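Please open the model in your viewer and keep the selection tool at hand. The tour below moves from one selection to the next and says what can be found at each stop.

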Amino acid sequence: MTAQGLRLERRIITAANFRPVQYWLGMTGWTMFFISPILPGWLIGRVFTELQQNGATPRSFVYLGALALAEIAIISMMVFAHPTYIKGVESSKALMRANAVEAQLASGGPRSGPRKTAVGDVLVRLRDDPQDVMFLLDNWTDMLGSLVYGVVAFWFLASIDLPAALAGAVPLLLTGWGNGLLANLARVFRVRAREASSAVSGFLAAGIEASLTVKVTGAHGSILRRLDRLNATRAKAAVGETVWNDVMWSINTTASDVFLGIALAVAARGALTAGEIAQFAAYLAGLIWLPMRLGMVFTGRRRAEVSAGRIEVLLPEALPGGEDPLVHHQPLPVLGGPRIAAPAAPPAIPLARLSVEGLTVASRGLFDVSLVVERGSITVVSGVVGSGKSSLLRAVIGLLDIDSGVVRWNGVLVEDRAAFFVPPRSAYVAQAPRLFAESLADNLRLGFDVSDRDLLDAIELAAFDSDVDALPAGLATMVGARGVRLSGGQAQRAAAARALARKPELLVLDDLTSALDVETELLLWSRLSAAGYTVLTASNRPAALARADAVITLSATHG
Amino acid sequence: MLVGLVAPHRRAFAGLGLLMALSAALPIAASFAMARFVDRVIAQAPVSELVTVALTFAGLGLASSLLIVVVTWRSALLAWRLTNGLRHELASLVLNADLSFHRDRTPGELLTRCDGDVTALTSFLSAVVARIAGISMLAIASLVVMALVEPWLAVPMAVGFAALAWRGWSTRDTTTAAVTRERTIDSEMNSIIEQYVSGAEDVASLGAGAHGLRRFGDAARRLVDAMSLRTRAEMKVNSGLRAVILLTQIAVLGAGLLLFRRGGLGIGDVVLGYRLVDVVRSPVEHLTWRLMEAQGVSGAAQRVTELLEEGRRVDLGERPLPAGPLALEFSNAGLVYDDASQGEAALQHLNLRVEAGRVVGLLGRSGSGKTSAIRLALRLVNTTSGSVTLGGVDVGRVLEADFRRRVSAIPQDVQLFPGTVRENVTMFDSDLFDSDLFDRESQHTDERIVDALVSAGLGPWLADLPSGLDTMLSPDNRAEQDDRAGLSAGEAQLLAIARALLHHPDVVVLDEATARVDPVTQAAISVAVARLLDGRTGVIIAHRLETLSICDDIAVLADGELVEFGARVDLLTDPGSRYAQLLAMGAEAEELA
């Protein structure tokens, strides 16, 4: 295989090396676990040989005791190896997830990945795929263990009776190999089961998310019928997968009995002893796993490649310095690693004027849009639904890719808009802003060092102060699913306070007051205006237009 | 919980039991063949006899192999049938549950309950329960056979199997706490990823990615710790069972050696004893790897049971609504949310009557109780004092299906489903659109759907769609892929109006339905809303004062109480009314524009 061909292996080893002590110690333990059945196999042979030759002598009891000790040692090895391995491998999986989360949340720059909005899909990818990637190394070590065991076991059997050993081992290895081919087919079942399963989860998630809508629209029955249909499909796929896996397992465990019978039939022509029969029985059974584990390295490789690809769509294509975007090490508090550093803000650049020239996003119906925002002014973008107001704002600050056009800050071309348009330069409030299941204060700070004073000022400026006063625990109130659920208007003003807390030079507000009543709306605009903020906003609301220094009207006929 | 699920499948269970008994008999027969082979080898029997015995052993192995597959197939099928019933029941109650239920739980958490936990139960049933049943049969059969051949060897075997059963039983819950903890942290971590990835634009535009990563990192650390602890607990169970069955085998072999020494026992009998434990040992070892599913399951079962019990408390009502237009009346209605709001009432003593066929506009600052009032009207929460009646029937007692059929809501945030435009308008109601079965019907209903969309002002939007009603909607309102249609917030609300139009309700509740719609679309909707409300009882929350021109009556709320009520025309002409004052403020704002 070429160096390029081994890229997958290299990146998995990089991931494994994230917490190398736990990972490799655990892995070594597992490999030993696969090799170790040699010893009890030999000892059981000795017990019966001794029994047949000399009767139940003290020596036969010694062999029996040794057998017990060997088996106990093997169990102890497993007890040690498995938790150690889990620590290592789970850390590696956490690393891949962290890299994906980092790329999704990055504000531009080399570490940002293409943003995905289908969150359910992202969740499924981050849950299952790191497992499949790391499994390849498991396959390698399992194979290694089986190979060592297989060679030694065959050598023992061949030294007893070569033709019998061949008669047992060859068809057994062939069966195992054929079984490995079946394992490829099993993947088809597995993929089908997984697709059916994510169809159920996806639909169920949407249903739960929209459960109140489902309730008030009386769609309960029809949604359940659809769910039942998806469930039935999944049951079929899952049963297929289970049965197929079990066919393989059962061939692997019982086929050894079939070929043991054949090997013994061949060996019957010579002078067999009870001990030799016991050794045949013990060693032949373990051999069958070898070709299958060998095959799994290859099928596992394909699976790992697909899974790595599924995470990669969330990641940047390359990192500066040639680091691997999927597995590059970063501080993560797992197993004693350092805590991730608090966010750092870039230097402020006081705004004199923001200019947008010839901005075109064809897919959103924006063609050749130009605008200028002067310091201290309020610029309102208005237009009918679908005219691209939101898209224009998102394109300016780099949340949306543009086909052509430039954005200048004080006349200087902004290259990476997403990286540039962050506090303290600009802050953006979406039309339906997201808050997180944290305390209100944490929601507003988002990890930044903002003093209580500044926070309260921002809250007042956002006309959110009376709402905060009414909250049971004030700023410490838990927001979101487990705490107080804020109304649409409250969420908008909380998000405005979150933006204002960082004292941005430019405020970009997408229809900020859409869910506010007239009085609160007027109050908010008067406070923002009095504070002298530079504002770029999308709105059709009279209160916003009333405060506007400049109005840009988008028409829906652009497209 | 399981009893109710199992009952309808009694015959399938009996059949499965029979198959298992049969599959237990084969490995025991194979053990006899092996013991005989050893005896005949020692007796230096003719090669042809040895070959026959060896091949018999091989044949029995093959048959047993096939039977195991059949057993697996039947038990997996049964497990999925059983748990799909449970999935249905759980989803049903989550979708029926009211606001207070959903306030306390994240969607991710509910998804874990309805899907993840039930899947854990499924694999427990198919992988563990079925295997334990099979192992028990094998163990009993081995023991009986051993006792018939050599009672003294059956003694250590019986003790060993009893110890195995005892050990299995006593460690059944050893890892439960650790598994529960792990799952809790796992869903917490998933909820963090879900929240931050869906809020990625907010976070990125505020340069706060590191904060999200940090929250993820903390959860990931706790998850690794929890998994390590869980694995350790698991190993305790796993190694215990392995050690017991191993020592049983050693003990039987030891007893065999002693009896051999005393005379009267052949090597074949010793081999038989060893093999009879072996037929139990190999499935036990296989099972130990599946025990994680067994251990997690009591936690999963407990959570599912809790959810079912709580769900049963959701009252779906029993009284039908009278025919014809319905009046909505709040009588002394009070509402205190039972969460962190420290008993502060969202509504107190609200008295308001919406006459049948009249439309009332609710006005008031945010926090004045408008949203709470319509939540009561929609039965998303229940009054803590007083009552709300619809057509003279307490809304809390109205039959749920009747209620939802007669009352339509245009919610503040319109939720879309991953599905086609048709599915989103009909909310997957296959009676309305199952085109496979009723092709002509479907054309007819397609017309109705198109009519509804056109009436709602989405005609031009529909005409632009690449595949018409079959166009897939992207649920997050953003058209990321070319073959999917996106909807702006305003358009999504138009779609909700189309949903309502399709169902011919008697009562319509609009929550800020026009808030995010621009003036042009606004005008178009006004027509559609007027049509929707024509002859129907309506409650509207609107911030655009001109939307209120559709209303017959105006109700102004402040601090959870009604402070003004009257016919809109009367209030308009009374300059002292709050409505007239609000209108003046709005007009002022518009004049400045």
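What follows is a walk through a predicted model, beginning with chain A.

**Chain A and its domains**

Begin by selecting residues 1-153 together with 296-340 of chain A, which make up domain 1, and then give another colour to residues 353-558, which make up domain 2. If you place a marker at the C-alpha centre of each of these two domains of chain A, the markers will lie 47 Å apart. Where the two domains touch, domain 1 of chain A supplies four residues and domain 2 of chain A supplies six residues. On the domain 1 side of this contact in chain A, there are four polar residues, with no nonpolar and no charged ones.

**Where the chains meet**

Now show both chains together and look at the contact between them, in which 140 residues of chain B touch 150 residues of chain A. Helix 9 of chain B contributes the most to chain B's side of this contact, with 28 residues. Sorted by class, the side of chain B that touches chain A holds 73 nonpolar, 40 polar and 27 charged residues.

**A pair of helices**

Next, select helix 4 of chain A, residues 58-105, along with helix 9 of chain B, residues 209-262, and you will find that their axes come within 9 Å and cross at roughly 165°. Angles over 145 degrees count as roughly antiparallel, and therefore helix 4 of chain A and helix 9 of chain B are described as roughly antiparallel to each other. The crossing of helix 4 of chain A with helix 9 of chain B is right-handed. The residues in the contact between these two helices comprise 25 nonpolar, 10 polar and seven charged.

**Chain B and its sheet**

Turn now to chain B by itself, which is assigned domain 1 (11-312), domain 2 (328-415 + 510-592) and domain 3 (417-486). The C-alpha centres of domain 1 and domain 3 of chain B are 47 Å apart.

Then select the open sheet of chain B, whose four strands pair in the antiparallel sense and follow the order 2-1-4-5. Which strands form its edges? They are strand 2 (347-354) and strand 5 (393-394) of chain B, each of which pairs on one side only. Strand 1 of chain B, residues 328-335, is joined to strand 2 of chain B by five bridges, and B:Ala333 has B:Leu350 in strand 2 as its bridge partner.

Finally, add helix 11 of chain B, residues 370-377, which lies across strands 1, 2 and 4 of chain B and runs at about 120° to strand 1.

Methods: Residues numbered from 1 in each chain as written. Chains lettered and ligands numbered in written order. Predicted model: local features only at pLDDT ≥ 70, side-chain atom pairs only at ≥ 80, totals over all residues. Domains from an automatic or database assignment. Contact = placed C-beta atoms within 7 Å. Nonpolar A, V, L, I, M, F, W, Y, C, P; charged D, E, K, R; others polar. Pairing = 2+ DSSP bridges. Helix = DSSP H or I, 4+ residues; strand = E, 2+ residues; numbered from the N terminus. Axes fitted to C-alpha atoms, helices over the stretch in contact; angles between N-to-C directions. Parallel < 35°, antiparallel > 145°, perpendicular 65-115°, else oblique. Left-handed = near helix turned anticlockwise from the far one by under 90°.
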